[in-house]
Amino acid sequence: SRAIKTNQDLLPETPWTHIFYNDFWGTLLTHSGSHKSYRPLCTLSFRINHAVGGMDPWGYHLVNVLLHAAVTGLFTNFSRILFGDRYWTLIAGLLFASHPIHTEAVAGIVGRADIGACLFFLLSLMCYVKHCSTRGSSPSTWGWILGAGLCAGCSMLWKEQGVTVLAISAVYDIFVFHRLKLHQIIPALYKRRNLTLFFSIALLTSWGILLLGVRLYWMGNKPPSFSNSDNPAADSDSFLTRTLTFFYLPTKNLWLLLCPDTLSFDWSMDAVPLLKAVSDWRNLHSVAFYAGLLLLAYFSLKGSSNERESDGRIVMNGKQNANGHSCHSEIEYKTQEVKSSFTSKEENGIKMHEMQKLQLPSTENIVILSLSLLIVPFVPATNLFFYVGFVIAERVLYVPSMGFCLLVTVGVRALYVKAQKRFLKNLVFCSTTALIIFYGLKTVVRNGDWQNEEMLYRSGIKVNPAK
């Protein structure tokens, strides 16, 4: 209601420039009651919808669905860079297209802020990928990084978390394109041939600081204020309660991504009871969650010792490679053959960085990027730097779900590769297919909750009966 029905910024008699001075709800940014949600591009899209079709919801929903389709296409295209042209790319795209956690962002019209931010998020990332592939060989490379910066700014103007794409771009450059391990980053500083890498990272950092500084200045250099019911943990007097609860909430969000069985449009008030003591059994979930993330990140950054890379493929036990291909006898690569291949290509004048473009990233590289996509865009919602106006918001998981879908895909690929028997390979493939089908069915069922206001509120009773 506040974002569209009663928002004066959508009306034709209101000067369109007001969009850039008001928040998402049409309140002046410097006003004490403003939520400081500065999303002028999303509000502008609502205004265009209003100009074309008035208050008829059909046009608003159509735009949301088209945006989700565009995001899915871009995400699938980005997955091709990581997985190649085989069916792993299709699996990643289908997981993202069908995931039930996206229902709130797509079926709820105001969720367009997350979809639009994700669209420009991916456009920025793809521009930076182009910058990496043309760096040092084409003058257009700086045009691509300029495009990446502009798209990152547009993503932030759709929703605040869009600026995090700059950090994801840096992770891609370091760990995927250059394939550096954690211990190799510092020594790489001393190598002159890596100066272009760190110059690009410096540009990303500077642009990110500039965007954040301008946004903070534009919102009056004041953090937003929310009611107690929006985020009860933030209002708690106990430091222990705030800490334990805020540590637990990311665990709950991950569970919603993994098993989206119980979904709700409203997780405020006591929908997630506060953790007030160390003895609360839910703390075990937090410990397992952070321990798992740290172990996954550690082994990925360190790299695996029982795998060897050959011509862009990871050969495992001499039988399989991590790109999901079976190494049959006629295409099996031996170390000497690969070395001679490299030698002949170098003699023909092909540069090493050009050969890298033909190689697919290793499993560890993809895991690092996936974890970054899962964690970094979610950081603004963790209450780590400032309090937010919600306990859990499913729409906030729209961008991080890309990292989750990549993690599931690379995990399925690893299981498929390690399986020695055809029966086990078929089991992995069929299980993944079943997961996509069940996600899609859950999405269809969940869309029914958004048909009208009564059904929406009835669907939330299980999670938030008081509200």
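Is Arg446 buried or exposed? In this model, which is predicted rather than determined by experiment, Arg446 is buried, because its relative accessible area is 2% and a residue counts as buried when that value is under 20%. The side chain of Arg446 meets the side chain of Glu394 in a salt bridge, with 3.9 Å from N to O. Glu394 lies in the loop between helix H14 (363-375) and helix H15 (400-418), whereas Arg446 belongs to helix H16 (residues 422-448), so the pair ties together parts that are 52 residues apart in sequence. Glu394 counts as buried too, because its relative accessibility is 1%.

This pair belongs to a wider set, since the structure holds 10 salt bridges. Another of them is formed by the side chains of Arg39 and Glu160, at 3.4 Å from N to O. Here Arg39 sits in the segment before helix H1 (40-53) and Glu160 sits in the loop between helix H6 (141-158) and helix H7 (165-177), so this salt bridge ties together parts that are 121 residues apart in sequence. Arg39 has a relative accessibility of 12% and therefore counts as buried.

A further salt bridge, between the side chains of Arg458 and Glu454, has an N to O distance of 3.1 Å. These two residues are 4 residues apart in helix H17 (residues 453-459), so about one helical turn separates them. Both Arg458 and Glu454 are exposed. Elsewhere, salt bridges that share partners join Arg39, Glu160 and Arg215 into one network.

Returning to helix H16, we find Tyr439 within it, and this tyrosine is buried, with a relative accessible area of 6%. Although Tyr439 and His99 are 340 residues apart along the chain, their C-alpha atoms are separated by 5.4 Å. When its neighbours within four places in sequence are left aside, Tyr439 is in contact with Leu95, Ser98, His99, Pro100, Leu257, Leu258, Pro260 and Phe404.

Helix H6, which comes just before the loop that holds Glu160, can be checked for its length. The 18 residues of H6 should span 26 Å at 1.5 Å a residue, and because its end C-alpha atoms are 26 Å apart, the model agrees with that expectation. Among the buried residues of H6 are Thr141, Ile145, Gly147, Ala148, Cys151 and Trp158. The buried residues of this helix pack against H1, helix H5 (112-134), H7 and helix H9 (195-218).

The UniProt record, in an unreviewed entry, places the feature "transmembrane region" at several stretches, including residues 109-129, 194-218 and 423-441. Over residues 109-129 the chain in the model is 86% helix and 0% strand, with the end C-alpha atoms 31 Å apart. Over residues 194-218 the chain is 96% helix and 0% strand, and there the end C-alpha atoms are 37 Å apart.

Lastly, we can turn to the surface. Which residues make a nonpolar surface patch of about 460 Å²? The patch is made by Tyr21, Leu28, Tyr217 and Trp218. Of these, Tyr217 lies in helix H9, and this tyrosine is exposed because its relative accessible area is 58%, a value to set against the cut-off of over 50% for an exposed residue. Tyr439 in helix H16 is buried at 6%, whereas Tyr217 in helix H9 is exposed at 58%.

Terms used
Residues numbered from 1 in each chain as written. Predicted model: local features only at pLDDT ≥ 70, side-chain atom pairs only at ≥ 80, totals over all residues. Heavy atoms only, no water. Salt bridge = Lys/Arg side-chain N within 4 Å of Asp/Glu carboxyl O. Buried < 20%, exposed > 50% of the residue type's maximum accessible area, 1.4 Å probe, protein only. Contact = heavy atoms within 4.5 Å. UniProt positions renumbered as here; feature names shortened; annotations may be inferred. Expected span 1.5 Å × (residues − 1). Patch = residues over 30% accessible without salt bridge, like charges linked within 9 Å, V, L, I, M, F, W, Y side chains within 5 Å. Areas by Shrake-Rupley, 256 points an atom, 1.4 Å probe, with all protein chains shown as cover.
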